[in-house]
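Biologist: Hi! Could you walk me through this model at a gentle pace? I'm new to this.

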Amino acid sequence: MSIIADDISYTYNTGTPAESAALRGVSLTVERGEWVSIVGHTGSGKSTLAQHLNLLLTPQSGAISIDGVEVKPGSKRSREFRRRVGLVFQYPETQFFAETVRAEIEFAPSNWGSRGDVLKERVDEAVSSSGLDPLLLDKNPFTLSGGQRRRVAIASVIAMKPDYLVLDEPTAGLDATGIKELTQLLGKLRNAGLAVVQVTHDLRSALSLSDKILVLENGSCVVYGSPELVAEYLVDNPVRGLVIPPVVRFVSGLREKGIDIPLNSGLGEIIKSIEVFKGRL
Amino acid sequence: MEQNPIFSIRTAAFSYPGAEKPALDGVNLEIGQGEWLALVGANGSGKSTLAKICNALLTPTQGACFVMGLDSSVESNISSIRQSVALVFQNPEDQIVASIVEEDVAFGPENLGIPSDEIKKRVDRALSLTGLESYRRRGSYSLSGGQKQRLALAGALALEPKALLLDESTSMLDPEGRDSFLACLGELNNQGMTIVQITHRMEEAVQAGRIVVMASGRVVWDGLPTEFFDGEYLRWSFEEPPEIALYRELLTRSLVPPGTRPRVEELLSALCL
Amino acid sequence: MRFMSSLSIGQFIPGESFIHRLDPRCKIIATIILMTGLFMASGIPDFALWICLLVIFSTLSGIKLTTILRSGRPVLFLVLITVVLNLFWTPGSPLVRLGPLSVTREGLIVASSMGLRLLFLVIFAGILMMTTSPMAFSDGLERLMSPMAVLRFPTSEMAMMMTIALRFIPTLFEETDRILKAQISRGADFESGGLMRRARSFIPILVPLFVLVFQRAENLAVAMESRCYVPGAPRTRMNPLRWSGRDSSALACLSVFVLFAIFCDRYVFKIYLTWFAAQ
């Protein structure tokens, strides 16, 4: 069970002076239960790719298939597929319109025809799996804190029971505590069998959280694979707009001095190998 | 030589109308000329309120705020305070008034009633300090996020301030934009500009010369970055970036000498491998 | 799907051409003269002259003719309605019958002239907006309205409002696009159901948009205040408006052209029209 994007390309404003290629032949596979990060600079095409996964955009060449079925433009099933791939936009709390948190979360499932007890069940499930306090359900979403609002936005997408969850910069604008809590929540959802696709420009979080990373630059795939592979590649081949995390830079500096350790090493390994090298151990 | 502080905040308190708890609760803070101060704290700790007080957008309900010796509660001081202290906000979209880059930079000086030749000079200077000269006739909407924020900075610089207040000004930027913005600040600080940088990103506080921590409307810690990153900040329940954890570990095991700053190149050379 | 393209609205295209450098007051007056001309000379043959003028403007502004014509696109639908209404509802001698409706010769003339007139009105206004920065435009308008300031009409505040409104148009289009997409990905459906249901389905778009606009407005007000803006206080300008000989001669040339068009309409093309009506 997976989403497969096969060699997709997309150009905005075709035939006008503002024509700009956003994706050039990008391929990606997302399995359920996997955490995939799409990283790149602003304008690298990462948000465009995310909108393809949710079928908001149709590739101008190449194909998207979901759970083994190729999605054709205008297909009757595209609505059903859109439900299976939930998309959480950047700053999702700016799309709130309802007077209560409950009504906000009910919006998506009721659009897919859930009514009465089923709807209530969907809301309750979404609330519990997103770690939201049920007491907040009758509050006005505009009165909540930043972290809580982000959670409500995610719950409002989870409520349609997607199998894949695509999030565009999910931690943008949150403070340290908010980021930590959100990361834990996404980890929990992934462990429950949901695929998490995170669009981000933060290489550090991508390297520490993902199973797979796709790096985009100007719409093309630069490197795609495990965090180890991506870290090795990026240290030698800088990509526009991506900052190598300081710890990775530090380790790469150690390697230049002759300490042989993997780039993605943890704190313990790093300290140990320095001490071994210095002959203290 | 004794210099006048740029900001002198004396037991300042502030409550928003209708709020239960005060946003500021007796803040004492002096910020000298040429300092780069990072003001850190969780959301709701009173950082932004303090910034607005320093810009005379708010007046303390108790205590006082003096900017370059001028009392901010005196109506006739407000204009000169806002000229000497410029504020850059979080979202560049909310600060850009005009559709063309140079016209936006000129907005501040035009409000001051300065003659047009002088405005032109100021706009030229602000654009070159922020590296936007080649964009001066471009539409502000066509800039990238980082460029937009540098435009907002240029708009602030055109007021020729003595100090810059940056309220989470990098939080909406990508790493590329953030780096170019911070590089710009570094350059300004070298030229003597006082910088008060409000941030919840630890990594950015590394660049500052002094760190002030706020919690529930009070200043709870004030000191040097080296002291701060050597474990102090953990008391204020901030998320610890891995590079800072590494830094502390290197210090506690005396792999690097005390006083080394938490920057990759400095640490690598201090290791003496 | 890009639901809204910010390109479709007449927007400033920065440049250094002859028309770009004209005083905005000159361009505003010129546009008014052109609009008056369009109303006084809107026979079908007159449009040959107006098209010539478009070509001249295109050369003088360095903006491609296709881009200039595209600025008429937003009103195309309105033009179409005008044409259809006039085509069928103008009494006169019928040319073609379609059931109970008939197209009359007079209808044909009135419809095409009305449609073209509307289109050209918008295109001429478009050229003004494409060659004048919003700031210069509102400065120009402020100066032209300045006699009204004597009557305590807040001209400078009005001008500032206009500058900001124009500045935020592209932003608002972008935001609307984003909200629309976000709601569609949550299953919003704008196409099915009766009129009431469809109208209701726009609430999830409109509410977030209003919230956003109010937040933006509040933040912008604070930012402007911190940049020393005081409503109504005197301001200076980086580029003060200067009326030069170029502006006077441009206006003079244009006036001659418009008078010529009106003259042609009254005396030269009349002959053609009488001939067409007689057939």
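Modeller: Happy to; we'll chat about chain C, its interfaces, the domains of chain B and two serines of chain A. Keep in mind that this is a predicted model.

Biologist: Good to know. How many helices and strands does chain C have?

Modeller: Chain C has 11 helices and two strands. Going from the N terminus, the order is α-α-α-α-α-β-β-α-α-α-α-α-α.

Biologist: And what box do its C-alpha atoms fill?

Modeller: Along the principal axes, the C-alpha atoms of chain C fill a box of roughly 70 × 60 × 40 Å. The chain has 279 residues, and 43% of them are buried. If you take contacts in chain C between residues at least 6 apart in sequence, 73% of those join residues at least 24 apart.

Biologist: Now the interfaces. How many residues of chain C are in contact with chain B?

Modeller: On the chain C side there are 34 residues, in contact with 40 residues of chain B. The area buried between these two chains is about 3200 Å², with carbon and sulfur atoms giving 54% of it.

Biologist: Why quote an area at all?

Modeller: Interface size is often given as the accessible area lost when the parts come together.

Biologist: Okay! Which three residues of chain C supply more of the area buried against chain B than any other three?

Modeller: Those are C:R167, C:R227 and C:M238, which supply 28% of the area that chain C buries against chain B.

Biologist: What about salt bridges there, how many between chain C and chain B?

Modeller: Six salt bridges are found across that interface. One of them joins the side chains of B:D94 and C:R216, at 2.5 Å from N to O. There are also 17 residue pairs in polar contact between chain C and chain B.

Biologist: Which helices of chain C supply at least two residues each to that side?

Modeller: Helix 7 (134-145), helix 8 and helix 10 of chain C each do. By class, the side of chain C that touches chain B has 19 nonpolar, eight polar and seven charged residues.

Biologist: Let's switch partners. What does chain C do with chain A in terms of contacts and buried area?

Modeller: Here 22 residues of chain C are in contact with 30 residues of chain A. About 2100 Å² is buried between chain C and chain A, and carbon and sulfur atoms give 59% of that.

Biologist: How many salt bridges between chain C and chain A?

Modeller: One salt bridge is counted between them. It pairs A:E104 with C:R186, with the closest N and O atoms 2.8 Å apart. Nine residue pairs are in polar contact between chain C and chain A.

Biologist: Which helix of chain C gives the largest share of the side touching chain A?

Modeller: That's helix 8 of chain C, with seven residues. The residues on this side of chain C divide into 12 nonpolar, four polar and six charged.

Biologist: New topic: what domains does chain B have?

Modeller: The domain assignment gives domain 1 (7-239) and domain 2 (240-273) in chain B. Their centres, taken over C-alpha atoms, are 30 Å apart. In chain B, 12 residues of domain 1 are in contact with 12 residues of domain 2.

Biologist: How much area is buried between those two domains?

Modeller: About 940 Å² is buried between domain 1 and domain 2 of chain B, with 66% of it from carbon and sulfur atoms. In domain 1, the residues losing the most area to domain 2 are B:V206, B:T226 and B:F229, together 44% of what that side buries. The count of salt bridges between the two domains is zero, and one residue pair is in polar contact.

Biologist: Last topic, the serines. Is A:S210 buried or exposed?

Modeller: A:S210 has a relative accessible area of 7%, so it counts as buried, the cut-off being under 20%. A:S210 sits in the loop between helix 7 (203-209) and strand 9 (212-217) of chain A. Its side chain makes a polar contact of 2.7 Å with the side chain of A:S37. A polar atom of the A:S210 side chain also lies 2.4 Å from the backbone oxygen of A:A206.

Biologist: And where is A:S114?

Modeller: A:S114 is in the loop between helix 3 (101-111) and helix 4 (116-129) of chain A. A:S114 is buried as well, with a relative accessible area of 8%. Leaving aside neighbours within four places in sequence, A:S114 is in contact with A:P109, A:L119 and A:R122.

Biologist: Thanks, that was easy to follow!

Technical notes: Residues are numbered from 1 along each chain as its sequence is written. Chains are lettered from A and ligands numbered from 1 in the order in which they are written. This is a predicted model: local features need pLDDT of at least 70, side-chain atom pairs count only at pLDDT 80 or more; totals for chains, interfaces and linings use all residues. Side-chain values use heavy atoms; hydrogens and water are left out. Domain bounds come from an automatic or database domain assignment. Contact means heavy atoms within 4.5 Å. Buried area is the accessible area (1.4 Å probe) that two parts lose on being put together, summed over both. A salt bridge is a side-chain nitrogen of Lys or Arg within 4 Å of a carboxyl oxygen of Asp or Glu. A polar contact is a pair of N or O atoms within 3.5 Å; within protein, one must be able to donate a hydrogen and the other to accept it, and residues adjacent in sequence count only if both atoms are side-chain atoms. Helices (H or I, at least four residues) and strands (E, at least two) are DSSP runs, numbered from the N terminus. Ala, Val, Leu, Ile, Met, Phe, Trp, Tyr, Cys and Pro count as nonpolar, Asp, Glu, Lys and Arg as charged, and the others, Gly among them, as polar. Buried means under 20% relative accessible area, exposed over 50%, partly exposed in between (1.4 Å probe, protein chains only).
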